[in-house]
Structure formats: C-alpha cells, structure tokens
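Colleague: Hi! Have you got a moment to walk me through this one? I'd like to start with the loops and then get to the ligand.

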Amino acid sequence: MHSPEIFPALDDETSLQLNTDGELRHLLTLKGFGRGMLTELLDEAEQFVSRPGRKAIRSRSLAGRTVANLFFEPSTRTRASFDLAGKRLGADVLNLDVNTSSRKKGESILDMIYTLQAMHVDVMVIRDASAGVPAFIARNVDQHVSILNAGEADVSHPTQGLLDLLTIRQRFGKFEDLTVAIVGDIAHSRVARSAAQGLQTLGVGELRLISPPSLAANSNEMPYAKNYDNLALGLRGANVVMALRIQRERIADLDGIPDGDEYYRHFGVTADRLRVAAPDVIVMHPGPMNRGIEIESALADSPVSVITQQVRNGVAVRMAVLERVSRIMASN
Ligand code: CP
C-alpha cells in the first residue's frame with residue numbers, strides 16, 4: 001500500500017499565478033485579483049459568448065498547443081466546457097480517463113504531471129478532491145506549462161466564479177447596489193468561496209450567505225458577508241439568488257445535516273419564497289442541481305432562472321482563460 005499524498009497549504013497562490021511581467025500564467029484562485037484583472041477577463045469572455053442557434057465562436061489562437069483535462073472528481077459542465085473551449089480555440093485536447101490512469105496504480109500526481117509534460121502538454125486543467133493540488137502542481141511544472149484550477153476540494157473554483165460574475169454582469173451591468181444571496185451548503189462550497197471573492201472585489205452592494213447552522217461557513221472566513229439561518233429574511237430584497245446543493249461527498253459525519261425533505265422545507269428556493277426578493281430577481285445554480293431539494297423544479301426552468309446562461313458562459317469564460325494564459329506561451 002502506498003502512502004496518501006499530502007499537499008501543503010500555500011499562502012502565495014496569488015503571486016504564483018502571475019509571471020514576472022504580471023501576466024496570468026496559472027489560474028488557481030480569484031483571491032487577490034484586482035478589479036482590473038477580473039474586469040478584463042469578463043470582457044474577454046464576453047467576446048466568446050456564442051448566441052443560441054448561431055455557430056459557436058472559434059479562433060486559432062491555441063493552434064499547436066495541447067490542453068489536458070485531468071479530472072479526479074466527477075464533472076459534466078466544467079470538463080465538457082474546457083474540452084469545447086480548447087477545441088474552439090484550435091488546441092489539441094486530451095481528456096485523460098482517470099479511472100484507467102496509472103494514478104490508480106499508485107503513480108504520484110507529480111510523476112503523472114511530468115509524464116504529460118514530456119508529451120508537450122502546455123495547459124493542464126485540474127480538478128481534485130484534495131486542497132492544495134493545483135498550486136502544488138503549478139510550483140513543480142516547467143516554465144512553459146500553465147495550470148488551471150477546475151475545482152479544488154471546498155477551496156476554490158475560479159472559472160465557476162468568473163462565469164457567475166459574467167452572468168450577473170450581463171443582467172445588471174454592475175455589481176454595486178446589488179444584493180446577492182447564496183443559499184445552501186456554504187461550508188463545503190468552492191463555488192460560494194470563488195463567487196464571494198469575485199463579488200467582493202467587484203464591489204457588490206451586499207452579500208448574504210444563507211444556510212442551516214450545520215452548513216454555515218466559519219464566521220471569520222468571509223467577514224464582508226452577512227450570515228442568515230432564515231431563508232425568508234435572507235431573500236428579502238435580493239437581486240440575485242444562487243442555490244447550492246449539499247456537498248454530501250465532502251461531509252464525513254452526516255449527523256445533524258438535514259435530509260432532502262427537511263432541507264427543502266426550510267431552505268429550498270421556490271417561486272413562492274422569492275416573493276420577498278427584488279422584482280428583478282434572477283436565480284442561479286452552478287449545477288449539478290437536485291430538483292426538489294435546493295431548488296423548486298419549475299423555478300429552475302422559469303424565466304427568472306439564468307442557469308442555462310451560466311452554462312453557456314462557462315464555455316466563454318474557459319476560452320478567455322485559455323487564451324489569456326496562451327499569450328505568454330506565444331512569446332516562448
Ligand atoms: N458547476 C460545476 O462545477 O459543475 P460540474 O461538477 O458538472 O463540472
């Protein structure tokens with residue numbers, strides 16, 4: 001039996017992301033990005049948003065580059081959109097089947113990365129259940145390789161954060177004066193953390209985190225947010241409501257965690273409960289969605305839902321990030 005790999009916590013992820021000229025090399029977290037960088041990435045993503053029914057936007061800006069998708073946790077949206085984003089930019093895209101990869105035979109993650117690096121992979125897109133994996137890899141790859149975090153434990157999901165910001169900006173054109181309410185399992189949500197970091201940087205009017213006490217984040221973690229354990233109070237006047245699923249796969253002891261029916265009774269986002277929200281409220285969900293638990297099924301398909309728009313924006317955001325990191329490769 002081999003020992004489990006330990007990935008040390010790092011406090012310099014932010015500086016690790018930029019090269020010496022301040023250009024984006026890795027995307028590990030939204031924490032520490034300034035308003036300028038976030039706004040530029042959103043503007044660039046906007047250029048890649050394909051309109052429904054039209055041909056998808058394409059370019060050749062990654063022609064000759066190779067992108068490897070390395071997903072050690074399940075994914076539909078993020079993996080498919082990185083795959084499409086790479087292909088639409090002209091890259092070769094490798095989707096490694098992790099269930100049949102040699103990591104299953106005890107190969108360390110670094111040996112796997114060095115193997116792919118030797119095959120001339122330029123961008124590695126990583127999803128892993130352990131905190132610290134994307135930064136650990138970023139520290140150890142060759143100078144010409146970029147690492148993109150596609151979901152790291154409960155810590156960070158930066159491209160999800162960007163697509164959520166883009167979706168809000170498309171509807172409201174601003175962040176100031178908006179009240180954004182994130183409802184659900186905040187404690188275990190990388191989506192909530194990345195969204196909160198981006199919203200805070202872009203000057204959101206008010207951020208509310210609504211959850212049962214057993215699923216609340218540590219009160220010191222996001223001091224700029226207001227915490228609620230009452231859905232009706234938290235939804236009052238909200239312009240944006242983001243529902244999250246309970247991340248049962250990250251919870252070792254499910255004692256005290258509400259089951260689906262109980263959760264829906266108290267925290268399910270429904271059209272009826274949204275009556276207290278702002279008249280222009282939109283409803284978001286990062287997916288995968290559990291209809292009838294965190295969100296009313298009919299509401300998810302209703303005109304106030306922007307869930308499909310989030311998915312569409314996911315491809316655009318990932319194209320923008322791939323193109324951004326490829327800029328410094330072009331000069332290599
Ligand atoms: N939102 C999100 O990360 O979805 P997937 O797990 O399907 O990629």
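Modeller: Happy to. One term first: helices (H or I, at least four residues) and strands (E, at least two) are DSSP runs, numbered from the N terminus. Also keep in mind that this is a predicted model.

Colleague: Good. Where is Ala153, then?

Modeller: Ala153 sits in the loop that runs between strand S4 (146-152) and helix H6 (158-172). Its phi is near 40°, a positive value in a residue other than glycine.

Colleague: And is Ala153 buried or exposed?

Modeller: Buried: the relative accessible area of Ala153 is 6%, and the cut-off for buried is under 20%.

Colleague: What about His120, what is its phi?

Modeller: Near 70°, so His120 also needs a mention as a non-glycine residue with positive phi. His120 belongs to the loop between helix H4 (109-118) and strand S3 (123-128), and at 52% relative accessibility it counts as exposed.

Colleague: Which peptide bond is cis?

Modeller: The one joining Gly287 and Pro288, with omega about -10°. Pro288 is in the loop between strand S9 (282-284) and helix H10 (297-300).

Colleague: OK, ligand time. Which residues are around it?

Modeller: Pro74, Ser75, Thr76, Arg77, Thr78, Arg127, His157, Gln160, Pro286 and Gly287. That shell divides into two nonpolar, six polar and two charged residues.

Colleague: Which polar side-chain atoms lie close to ligand atoms, and at what distances?

Modeller: Thr78 has a polar side-chain atom 2.6 Å from a ligand oxygen, and Gln160 has one 3.0 Å from a ligand nitrogen. On the backbone side, a polar atom of Arg77 is 2.9 Å from an oxygen of the ligand.

Colleague: How much of the ligand does the protein bury?

Modeller: The protein buries 92% of the 250 Å² that the ligand exposes when taken alone.

Colleague: Where does the ligand lie relative to the domains?

Modeller: Between them, because domain 1 (14-156 + 312-331) and domain 2 (158-306) both give residues to its shell.

Colleague: Switching topic: which residues touch the most other members in the largest nonpolar core?

Modeller: Leu148, Leu162, Ile182, Leu207 and Leu322, out of 60 residues in that core. Helix H11 (residues 307-330) supplies the largest share, nine residues. Both domains give residues to this core, so the core lies between them too.

Colleague: Last one: what does the side chain of Arg245 contact?

Modeller: The Arg245 side chain makes a polar contact with the side chain of Glu249, at 2.6 Å. Arg245 is in the loop between strand S8 (240-243) and helix H9 (260-267), and at 19% relative accessibility it counts as buried.

Terms used. Residues numbered from 1 in each chain as written. Predicted model: local features only at pLDDT ≥ 70, side-chain atom pairs only at ≥ 80, totals over all residues. Heavy atoms only, no water. Near = heavy atom within 4 Å. Polar contact = N/O pair within 3.5 Å; in protein donor to acceptor, adjacent residues only side chain to side chain. Areas by Shrake-Rupley, 256 points an atom, 1.4 Å probe, with all protein chains shown as cover. Nonpolar A, V, L, I, M, F, W, Y, C, P; charged D, E, K, R; others polar. Domains from an automatic or database assignment. Core = buried A, V, L, I, M, F, W, Y, C linked by side-chain atoms within 4.5 Å. Buried < 20%, exposed > 50% of the residue type's maximum accessible area, 1.4 Å probe, protein only.
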